[in-house]
Amino acid sequence: MLPIKTRSDVGGVEDDTTDYNVLIEPLEVEGTGAKITALDAIQRLNFYCDQLPKDEYTDTKPVVELKEKDYKFLCSINFPKLCPVKARITGSIMPNKKTGKKCQQH
């Protein structure tokens, strides 16, 4: 599964999700107005991949690749082999490694 790290806003500790939720606007479907945030996208992706057919030899986890270029970060996701989606999904260029990793799932 893709890692999800969050901290609650307790005792003045800022939520880890704040930085990339500001950089990555929620995806909105024009016709319905439905929205999904970056954190929701991570959870949906993990759930979807976990529902794919599997056995003890089949890995259903998405493969994540993070590349650095000119101090900017770009992340891409390859779905498991049994997934009907064969295209590589590439995120937006992010200013640091932390947001680059989190942007990969959106």
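Two strands count as paired when DSSP finds at least two bridges between them, and with that in mind the tour of this predicted model can begin at a hairpin.

Select strands E3 and E4 together, and you will have the two arms of a hairpin with 2 residues between them. In the turn, click on Asp70, whose phi is positive at about 55°. Moving away from the turn, follow the pairing of E3 with E4, which is antiparallel and runs over 7 bridges. Two of the rungs can be picked out by residue: Lys69 has Lys72 in E4 as its bridge partner, and Glu68 is bridged to Phe73 in E4.

Now add strand E5 to the selection, which completes an open sheet of 3 strands in the order E3-E4-E5, with antiparallel pairing. Strand E3 (63-69) and strand E5 (89-90) are the edges of this sheet, and because each has a single partner strand, one side of each is left without a neighbour in the sheet.

Stay with the sheet and select Ser76, which lies in strand E4 (residues 72-78). Is Ser76 buried or exposed? Ser76 is buried, its relative accessible area being 7%. If you display its surroundings and leave aside residues up to four places away in sequence, Ser76 touches Val63, Val64 and Glu65, and also Arg88, Ile89 and Thr90.

Next, turn to helix H2, selecting residues 38-51, a run of 14 residues that reaches 20 Å from its first C-alpha to its last, close to the 20 Å expected at 1.5 Å a residue. Colour its buried residues, which are Ala38, Leu39, Ala41, Ile42, Leu45, Asn46 and Cys49. These buried residues cover an arc of only 160° around the axis, and therefore sit on the same side of H2. An α-helix has 3.6 residues a turn, so residues three or four places apart point the same way. Rotate the view to the face of H2 turned away from the buried side, where you will find the exposed residues Arg44 and Phe47.

For the last stop, select Leu45, Cys49, Leu52, Ile77, Phe79 and Cys83, the 6 residues that make up the largest nonpolar core. Leu45 and Cys49 in this set are among the buried residues of H2 that you have just coloured. Finish on Cys83, which touches Tyr48 and Leu52, again not counting residues up to four places away in sequence.

Technical notes. Residues are numbered from 1 along each chain as its sequence is written. This is a predicted model: local features need pLDDT of at least 70, side-chain atom pairs count only at pLDDT 80 or more; totals for chains, interfaces and linings use all residues. Side-chain values use heavy atoms; hydrogens and water are left out. Helices (H or I, at least four residues) and strands (E, at least two) are DSSP runs, numbered from the N terminus. The expected span of a helix is 1.5 Å times one less than its number of residues. Buried means under 20% relative accessible area, exposed over 50%, partly exposed in between (1.4 Å probe, protein chains only). The arc is that of the directions from the helix axis to the C-beta atoms. Contact means heavy atoms within 4.5 Å. A nonpolar core is a set of buried Ala, Val, Leu, Ile, Met, Phe, Trp, Tyr and Cys residues joined through side-chain atoms within 4.5 Å.
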